[in-house]
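Visitor: Hey, I've got a structure open and I'm not sure where to begin. Can you walk me through it?

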Amino acid sequence: MIKDWWQAFVDGFVGGFARTQPLAVPASELALLLAAAAALCIVPFLWRIFGRFVTIVHELGHAFAGLATGMRVTGITLRMDQGGTTHGVGRGRAVWFGFWGYPSPAVVGAVLVWASAAGFGRAALSVAVVLLALVFLFIRNLQGVLILVGAILAVAVIVVAVPPDTQVHITLAVGLALVLGAARDWWNVVTVHTRRRRELASSDAYILSRKTGVPSAVWLASFAAVIVLAGLASWVLLDGAVRTVGT
């Protein structure tokens, strides 16, 4: 029984890397997907869950930026309050490492939107399972392990148990939600600088300002620029997918 279940899981997971038909959705369906994405970021209960996934992507943004520039990533901590920290070692690369936190969920979201539109939505979910599993190499706290296990199980179940066409739509909704989640997190850090200054030490913009002498407002604007560009790219991709239905 267990062997049969495991084989079904493996077959479904491996099959998840296959390309499907490019996404084509009617405008009414796209509106529902946008509403679902917005709900993940607005409804408090849903945000408490999805916000932890946004935090994973945020911290992975720091980690990959550091690894890409030769830094040594020494650990990642994730907390149930949606906080997180990535530690890295390497002089001269700290600015690039520190920048790619808040913008990363929006960039990843745009990539997921592109993957859905191009027929790689299901494959993107399978890749996500592999990448999330690799994060275990860097997790340094129990809360982080629990959060990561939950994320892996959620994505893996979708890959194995959900019909391929539905997976593509889920990928699109998650991509849109990541863009919106990045915007929500950006606004949250803006309020840290304007109304909750006792929490400044947790702000990437503040940390970058201390390291470089460039005002925090410049870093906040830079984060916003990347998030807006990712949102615009997602909209262009969606516009193409909707037009496909009408032709």
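Visitor: What pattern does the chain follow, read along the sequence?
Guide: Going along the sequence of this predicted model, you get α-α-α-β-β-α-α-α-α-α-α-α. That comes from 10 helices and 2 strands.

Visitor: And what share of the residues is buried?
Guide: Of the 247 residues in the chain, 43% are buried. The accessible surface adds up to about 12,700 Å², and 70% of that belongs to carbon and sulfur atoms.

Visitor: What about contacts between residues 24 or more positions apart?
Guide: They account for 73% of the contacts in the chain with a separation of 6 or more.

Visitor: Switching to rings. How many aromatic pairs does the structure hold?
Guide: There are 9 aromatic pairs. Take Phe 50 and Phe 53: their ring centres are 6.0 Å apart, with 40° between the planes, and the pair is tilted. Both residues sit in helix H3 (residues 44-68), 3 residues apart, which is about one turn of the helix.

Visitor: Is Phe 50 buried or exposed, and why?
Guide: Phe 50 counts as buried because its relative accessibility is 8%, and the cut-off for buried is under 20%.

Visitor: Got another pair for me?
Guide: Sure, try Phe 99 and Phe 223. This aromatic pair is tilted too, at 5.2 Å centre to centre and 55° between the planes. Phe 99 is in helix H4 (residues 94-99) and Phe 223 is in helix H10 (residues 216-246), so the pair ties together parts that are 124 residues apart in sequence. Phe 99 and Phe 223 are both buried.

Visitor: Which residues form one aromatic cluster with those two?
Guide: Trp 96, Trp 100, Tyr 102 and Trp 219 join Phe 99 and Phe 223 in one aromatic cluster.

Visitor: OK, charges next. How many salt bridges are there?
Guide: The count comes to 2 salt bridges. One of them joins the side chains of Arg 79 and Asp 81, at 3.5 Å from N to O. Arg 79 is partly exposed, at 34% relative accessibility, while Asp 81 is exposed, at 57% relative accessible area.

Visitor: And which residue does Glu 199 form a salt bridge with?
Guide: Glu 199 is bridged to Arg 196, with the closest N and O atoms 2.9 Å apart. Glu 199 is partly exposed at 27% relative accessible area, and Arg 196 is partly exposed at 23%.

Visitor: Back to that stretch around Asp 81. Where is Gln 82 found?
Guide: Gln 82 is in the loop between strand E1 (72-78) and strand E2 (84-89). Its phi is positive, near 75°, and Gln 82 is a residue other than glycine.

Visitor: Why would anyone point that out?
Guide: Because most residues other than glycine have a negative phi. As for its surroundings, Gln 82 is partly exposed, with a relative accessible area of 21%.

Visitor: Let's do a helix. What should helix H5 span, and what are the end C-alpha atoms doing?
Guide: H5 covers residues 104-118, which is 15 residues, and at 1.5 Å a residue it should span 21 Å. The C-alpha atoms at its ends are 21 Å apart, which agrees.

Visitor: Which residues of H5 are buried?
Guide: Among them are Ser 104, Pro 105, Ala 106, Gly 109, Leu 112 and Val 113. Right after H5 comes Gly 119, with a positive phi near 95°.

Visitor: And on the outside, which residues make a nonpolar surface patch?
Guide: Phe 64, Leu 67, Val 127, Val 130, Leu 131, Leu 134 and Leu 137 make one of about 610 Å². H3 and helix H6 (121-134) each supply at least two of the patch residues. H6 gives the largest share, with 4 residues.

Visitor: How exposed is Val 127?
Guide: Val 127 lies in H6 and is partly exposed, with a relative accessible area of 37%.

Visitor: Last one. Where is Asp 165 found?
Guide: Asp 165 is in helix H8 (residues 164-194), and it is exposed, with a relative accessible area of 57%. Its C-alpha atom is 8.8 Å from that of Leu 23, although Asp 165 and Leu 23 are 142 residues apart along the chain.

Key:
Residues are numbered from 1 along each chain as its sequence is written. This is a predicted model: local features need pLDDT of at least 70, side-chain atom pairs count only at pLDDT 80 or more; totals for chains, interfaces and linings use all residues. Side-chain values use heavy atoms; hydrogens and water are left out. Rings of Phe, Tyr and Trp (its six-membered ring) pair if their centres lie within 6.5 Å; planes under 30 degrees apart count as stacked, over 60 as edge-to-face and the rest as tilted. Buried means under 20% relative accessible area, exposed over 50%, partly exposed in between (1.4 Å probe, protein chains only). A salt bridge is a side-chain nitrogen of Lys or Arg within 4 Å of a carboxyl oxygen of Asp or Glu. The expected span of a helix is 1.5 Å times one less than its number of residues. Patches are made of residues with over 30% relative accessible area and no salt bridge: like charges are joined within 9 Å, nonpolar side chains (Val, Leu, Ile, Met, Phe, Trp, Tyr) within 5 Å. Accessible areas come from the Shrake-Rupley method with a 1.4 Å probe; for residues, only the protein chains shown count as cover. Contact means heavy atoms within 4.5 Å.
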